[in-house]
Amino acid sequence: MAFTPADAGHMARALQLARRGLYTTHPNPRVGCVLVRDGEVVGEGFHARAGEPHAEVHALRAAGARARGATAYVTLEPCCHHGRTPPCADALVEAGVSRVVAAMRDPNPLVAGGGLARLSAAGIEVGSGLLEPSARALNPGFINRMTRGLPWVRVKSAMSLDACTALASGESRWITDAAARYDVQRWRARADAILTGIDTVLADDPSLNVRLEPEELGIDGAVAQPLRVVLDSDLRMSPEARIFRLAGQVLVIAAEGRIRPATRAALEARGAEVVGVAATVQGRGLDLVEVLRLLARRGINEVHVEAGATLAGALVRESLVDELVIYVAPHLLGGGARAVFALPTLENMGERTHLEITQTRRVGDDWRLIAQLRRG
């Protein structure tokens, strides 16, 4: 199917609508839909929350009888299976649309081209691939989970211009200014889970919650708190930690065989869930691949990591980081200050970790760098 500039314009609007679900759809993907007949937009919709109607259904309801003969522009292939809601492909067929343009095929094995095939079998003209890079960028975690069985791992850090996160004493408040700290809240809000290590919990007693109001995120209803995940191989977590005094679920992951029943009971009494996974071969930490697979099985699409140099470095070292969000403050912390990542000494330049800087932006007096790891 050949696409026109008008097609691209309508798909761009569908992508804009999909972004309205950025903070609310998990574990479902963010999807937008625009219905156009005779050059006129007759219906729009986006998916807001799991269990609620999908984008196509909202758009069809808005269009009513005008959907017959229309073109549907949807940012993800319409589903063709029964989940919490009926198949959107069937709804489009019943509404009598004549053409469906999808930005990308659904990576979910339950769909994977089946939605477009069902539409085509009903005599509807179908096409996909229009503005696909933008559509993929909206749902990196959903795509990763469906194709690799892992969530999208985003590591956030704040550092000085000499690449340090804290003084030698451990003092780190505050490297960045208020604008950067406010910006971090939006990254937390779009994640399904916020992950840290026990050393950070013991040293800083963080909240790890989203401290924004619904109107600041542009959403209706309450702000959903991400799952807070603490990696604690020896189960040193205190039941008095601050995260237990705040709304939201807490998952503590320990090493199998090291979960003391009394400590587990004390944490569970505070509302935490305690699970065990395998330790590393060396026995000093947790198998991070197994940790991430566990989260993916629970429908976690995006993991936001705020951790110290040891855990952040381990994730980088094992090529488990997909994206870095680093705030750089115009300060120098001097000798002895703590590094961002604990990484091994390299023998040659060929062993470097290669990054692709995808965005640089000023946030207050600081700079935000976004980079993705280059694999292979």
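**A sheet, a helix and some annotated sites**

Let me start with one pair: Val153 stands opposite Val303 in S12. Val153 belongs to strand S6 (residues 152-160), which pairs with strand S12 (residues 302-305) in the parallel sense over four bridges. Strands pair here if DSSP finds at least two bridges between them. The helices (H or I, at least four residues) and strands (E, at least two) are DSSP runs, numbered from the N terminus.

Before going on, what we are looking at is a predicted model, in which local features need pLDDT of at least 70 and side-chain atom pairs count only at pLDDT 80 or more, while totals for chains, interfaces and linings use all residues. Residues are numbered from 1 along each chain as its sequence is written, and side-chain values use heavy atoms, with hydrogens and water left out.

Back to the sheet. Nine strands make up an open sheet with mixed pairing, in the order S11-S10-S9-S8-S12-S6-S13-S16-S15. The edges are strand S11 (272-277) and strand S15 (355-363); each has a single partner strand, so one side of each lacks a neighbour in the sheet. On average, neighbouring strands of this sheet are turned by 25 degrees against each other, direction ignored. Helix H7 (residues 178-190) packs on the sheet, and it touches S6, strand S8 (193-197), S12, strand S13 (323-329), S15 and strand S16 (366-373). The direction of H7 makes about 170 degrees with that of S13. For such angles, axes are lines fitted to C-alpha atoms, for helices over the stretch in contact, and the angles run from 0 to 180 degrees between N-to-C directions. Contact means heavy atoms within 4.5 Å.

Next, the N-terminal helix. Helix H1 (residues 5-18) has 14 residues, and from its first C-alpha to its last it reaches 20 Å, close to the 20 Å expected at 1.5 Å a residue. The expected span is 1.5 Å times one less than the number of residues. Which residues of H1 are buried? They are Asp7, His10, Met11, Ala14, Leu15, Leu17 and Ala18. These residues cover an arc of only 155 degrees around the axis, which puts them on the same side of H1. The arc is that of the directions from the helix axis to the C-beta atoms. Buried means under 20% relative accessible area, exposed over 50%, and partly exposed in between (1.4 Å probe, protein chains only). The partners of the buried residues of H1 are strand S1 (32-37), strand S2 (40-46), strand S3 (71-74), strand S4 (99-102) and helix H5 (132-138).

S1 and S2 run antiparallel and are joined by six bridges. Within this pair, Val34 stands opposite Glu44 in S2. The two strands form a hairpin with two residues between them. Asp38, in the turn, has a phi near 55 degrees, a positive value in a residue other than glycine. Asp38 is exposed, at a relative accessible area of 77%.

A second residue with positive phi is Leu235, at about 50 degrees, although it is not a glycine. Leu235 sits in the loop between strand S9 (227-231) and strand S10 (250-255). Is Leu235 buried or exposed? At 1% relative accessibility, Leu235 counts as buried.

There is also a cis peptide bond to note, between His26 and Pro27, with omega at about 10 degrees. Pro27 lies in the loop between H1 and S1.

Now the annotations. Under "binding site", an unreviewed UniProt entry lists His54, Cys79 and Cys88. Those three span 35 residues in sequence, yet no two of their C-alpha atoms are more than 9.3 Å apart, so they gather at one spot. UniProt positions are given in the numbering used here, feature names are shortened, and annotations may be inferred rather than shown by experiment.

His54 is in the loop between S2 and helix H2 (55-63). Leaving aside neighbours within four places in sequence, the contacts of His54 are Asn28, His47, Cys79, Thr85 and Cys88. Cys79 is in the loop between S3 and helix H3 (88-95), and at 7% relative accessibility it counts as buried. Not counting residues up to four places away in sequence, Cys79 touches His54, Pro86, Pro87, Cys88, Ala89 and Val111.

Last, the unreviewed UniProt entry places the feature "active site" at Glu56. Glu56 lies in helix H2 and is buried, with a relative accessible area of 3%. With neighbours within four places in sequence left aside, Glu56 is in contact with Cys33, Val74, Leu76, Pro78, Cys88 and Leu92.
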